[in-house]
Amino acid sequence: MDESDWGGLEDRPQLESVHHEGFELRAGDRVRLWPKPGADIMDIALKGKIATIEAIEQDYEQRIHLAVVVDDDPGRDLGMLRQPGHRFFYSLDEIEPIRPPGSSFRHEQ
């Protein structure tokens with residue numbers, strides 16, 4: 001989902017972390033993208049890609065959205081600077097946490 005689809009998030013406070021599937025996710029953590037069925041062409045192109053969480057944001061209806069930057073995007077640095085076209089929003093049910101090798105990845109007990 002392109003950043004332009006989520007107007008109004010930019011003036012909401014960012015969350016420091018969010019709990020999902022027994023993990024605590026924070027900016028900088030890596031996730032695999034699994035867009036919902038019926039996604040647009042960008043979501044189809046990004047399906048299964050690994051991305052880094054740039055920010056965790058909550059909209060006015062209290063829904064959580066992860067702003068992510070795709071790891072193999074040649075314009076990744078632009079996404080980290082919050083530039084459109086290189087930063088995408090996904091809901092928690094569209095991502096899979098990636099556990100770093102040899103790490104407990106802040107797994108909750």
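How exposed is arginine 30, in terms of relative accessible area? Arginine 30 is partly exposed, with a relative accessible area of 39%, where buried means under 20%, exposed over 50% and partly exposed in between, computed with a 1.4 Å probe on protein chains only. The tour comes back to this residue at its last stop.

This is a predicted model, in which local features need pLDDT of at least 70 and side-chain atom pairs count only at pLDDT 80 or more, while totals for chains, interfaces and linings use all residues. Residues are numbered from 1 along each chain as its sequence is written, and side-chain values use heavy atoms, with hydrogens and water left out.

**Whole chain.** Begin with a cartoon view of the protein, which has two helices and eight strands, taken as DSSP runs (H or I, at least four residues, for helices; E, at least two, for strands) and numbered from the N terminus. Along the sequence the elements follow the pattern β-β-β-β-α-β-β-α-β-β. Of the 109 residues, 43% are buried. Among the contacts (heavy atoms within 4.5 Å) with a separation of 6 or more, 61% are between residues 24 or more positions apart. Switching to a surface view, the protein exposes about 6,200 Å², of which carbon and sulfur atoms supply 53%; the areas come from the Shrake-Rupley method with a 1.4 Å probe, and for residues only the protein chains shown count as cover.

**The hairpin.** Select residues 17-20, strand E2, together with residues 23-26, strand E3; these run antiparallel and are joined by four bridges, two strands being counted as paired if DSSP finds at least two bridges between them. Two residues lie between E2 and E3 in this hairpin, and glutamate 21 in the turn has a positive phi of about 50°. Showing the side chains of E2, one finds that Val18 and His20 point to one face and are buried, while Ser17 and His19 point to the other and are not. In a regular strand the side chains alternate between the two faces of the sheet. From histidine 20, move across to its bridge partner in E3, phenylalanine 23.

**Charged side chains beside the hairpin.** Next select Glu16, Glu24 and Arg26, which are linked in a network of salt bridges, each defined as a side-chain nitrogen of Lys or Arg within 4 Å of a carboxyl oxygen of Asp or Glu. Glutamate 16 and arginine 26 meet at 3.4 Å, N to O. This pair links distant parts of the chain, with glutamate 16 in the loop between strand E1 (14-15) and E2 and arginine 26 in strand E3, ten residues apart. Arginine 26 also forms a salt bridge with glutamate 24, the closest N and O atoms being 2.9 Å apart. Glutamate 16 counts as exposed because its relative accessibility is 64%, whereas glutamate 24 is buried at 17% and arginine 26 is partly exposed at 25%.

**Back to arginine 30.** The structure holds nine salt bridges; as a last stop, select the one in which the side chains of aspartate 71 and arginine 30 meet at 2.8 Å, N to O. Here too the pair links distant parts of the chain: aspartate 71 sits in the loop between strand E6 (64-70) and helix H2 (76-80), and arginine 30 in strand E4 (residues 30-33), 41 residues apart. Aspartate 71 counts as partly exposed, at 24% relative accessibility.
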